[in-house]
Amino acid sequence: MTQHPAPQSTAVPGPSGRTVRLTVAQAIVRYIAAQYSLADGVRERFVPAALGIFGHGNVAGLGQALAEHADALPFVQGRNEQALGHLATGFARAAKRRRTLAVTASIGPGSTNLVTAAALATVNRIPLLLLPGDTYATRRQGPVLQQLDLPGTPDVTVNDAFRPVSRFFDRITRPEQLLTALPQAFRVLANPEETGAVVLALPQDVQSHAFDFPVELFAERDWTIRRRVPDAAEIARLAERIRGAERPLVIAGGGVVYADAQDVLTELGRGTGLPIAETFAGKGAVTEDGPWSVFGIGLEGAPTTNRLAERADLVVHVGTRLTDFATASQSLFADPGVRFASINIVEHDAVKQGAEAVLGDARLALAALAAELGDYRIPAAWAADVAGARDAWLPVRDAATDPDAPFPLADHPELPVTGATLTQGQLIGLLQEHARPGDTIVAAAGGPPGDLQKVWDATGGRAAHLEFGFSCMGYELPAAMGVRLADPDPAHRVTALIGDGTFVMMPTEIVTAAQEGIPCTIVVSENHGYQVIRRLQMWRTGEHFANEFRYREAGGSLAGSDVAGLSGDYLRIDLAQIAAGLGAEVRTPATAAEVRAALAETRDAAGPVVIVVPTIPHADLPASEVWWDVSPAEAWERVDTSAKLAEYGAGRAQQRWHG
């Protein structure tokens, strides 16, 4: 008699021995719905909702499971997968990394649309759970729709593109892999030292495969988001460094905000006089104005802050990655004897600039530092310099953002005539006077985040949500929706400030905001193109090309030898009509009084509002007066770049390696 091996088990029992038969997709949805975050004694659903767009790669698996469990894990229908990833990231950041949302997409382009969102979340250290569909694991179908089908590596799919931009990636090819993959995924989401995009790639067929899972897998589970306790000896050494410095400066990053350490940092400034500058992500780390607050730093910072940074002999960076915008491409800290110290939960970031590091939660570490410093005050001469820098910048800032002082167009014949009467800085001034405690302003790529970093007052409970780690166009609008979902208080208004370039790129989630009744305001600065890149182009090349929104010159074409440039009239784009067609309430103010009225009239609107404001192209805020490493062309045929190269070389000469 022929002997046959026993069939492979289709069950993995837990302690009770009881199992429940579910598809892979059903198991994932049930597991997600049972996970909670626990931070500072507050217990919340870790992933309270899922977002997505269905296609053949996820509709029969995750689609069926989400429909069955819509009461436990509500589903939001979106229009663009990348935007949905940004919405979830905006939600997670507003929730101080204690909650996030899940996003699913079909295979192929639906999945790869999420790659940019994954990169943004990982770069910014924000938890994001992605569930992209994947091509068949069984392969018996042969090449399937949207399969990459590489002859030399048949196991590679487009989802492998997630690997370099994610903190955790796993492809689920067997149901039982969920027993280890799901807990590991949530461990990374809940760990602020490791967090970022978490990707579970789900082959289309495997999503529908059934398995007998242990019932214990679906029990409610708490994930503690821990605060790393700093070492007392490291705090003592940091305090000693500060006491020994003549010109200390603190740079506050996003880690201060995520740790809810703003009040502790502000008290440290108040008690010691230590001047505190902010990065983009750290905007709002100082909660009240005072002699210790010296505003933004770096390429889009206040020029007076940068002058202080050039003279600082000790720089303490807290909760920041210190990118080139903050350091002016390593040319900012000019004192020959400058030394660095840091507070960070991530050692990789803590040791940047050769810093003597304190590894610890920002709130705990700053409180311990304040206690260790006791009655310390910064040297009187440095305090006077800091006060002088503030006194020099504040009237300049206020003048540049004053909406009631007519911009002198007659003094600037070089500016294009568009009929606009307000500058983008003046528009920001109007948004500033409208902002109330609890409100949030959102910006990402282009000119708005830089201008907000330079002039926005984020004290008094007016939050600033500036994404500049990845500087991603298209983030702002969906992120504002995510911020709104994280803070449902109707008294708090969420406003995104974007350029017309960003609006044209990705306005589609207005439909989702209208569908779900998500109240937020999108203010569009209509200045006819990618003006911040045009400014950079002029700075580094001396001519502009293909950055403004202009028609091709009359008589030109894209074919043949008579190719004309994009230097005709400005494009006639009706942004208001686009927004209205997508379901938004729309206003088109042009003057300061009209903008004030539009903001007031729509503050309590129950859905999305789009306010389109024409702004004067090329009318920029005062410069930050620092260098940025963007090299001009070293050879030319039309515009001589030799002067630009000389200027660039002078900046290169100021770059330093600090360790």
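I'll start with Asn 527, which has a relative accessibility of 10% and therefore counts as buried, since the cut-off for buried is under 20%. Keep in mind that this is a predicted model.

Where does Asn 527 sit in the chain? It is in a loop, with strand E21 (520-526) before it and helix H21 (531-541) after it. Leaving aside residues up to four places away in sequence, Asn 527 is in contact with Gln 424, Asp 500, Thr 615 and Pro 617.

Two of those names come up again when we turn to the cavities. Asp 500 is one of the residues lining the second largest cavity, and Gln 424 falls within the range of helix H16 (424-434), which supplies at least two residues of the lining of the largest cavity.

So, the cavities. How many are there of 30 Å³ or more? The count is five.

The largest has a volume of about 140 Å³. Its lining comprises 15 residues, and nearest the centre are Leu 431, His 434, Ala 435, Asp 439 and Thr 495. Besides helix H16, strand E18 (440-443) and helix H23 (592-602) each give at least two lining residues. By type, the lining has six nonpolar, five polar and four charged residues.

The second largest cavity holds about 50 Å³. Around it are Asp 500, Val 504, Glu 526, His 528, Phe 549, Leu 571, Ile 573 and Leu 575. That lining splits into five nonpolar residues, one polar and two charged.

To return to the loop residue: Asn 527 is buried, and Asp 500, one of its contacts, also lines the second largest cavity.

Definitions and conventions:
Residues numbered from 1 in each chain as written. Predicted model: local features only at pLDDT ≥ 70, side-chain atom pairs only at ≥ 80, totals over all residues. Heavy atoms only, no water. Helix = DSSP H or I, 4+ residues; strand = E, 2+ residues; numbered from the N terminus. Buried < 20%, exposed > 50% of the residue type's maximum accessible area, 1.4 Å probe, protein only. Contact = heavy atoms within 4.5 Å. 1 Å grid on protein atoms, 1.4 Å probe; cavity = no way out; pocket = protein on both sides within 12 Å on 5 of 7 lines; lining within 4 Å. Points joined across faces, edges and corners; volume = space filled by probe spheres on them. Nonpolar A, V, L, I, M, F, W, Y, C, P; charged D, E, K, R; others polar.
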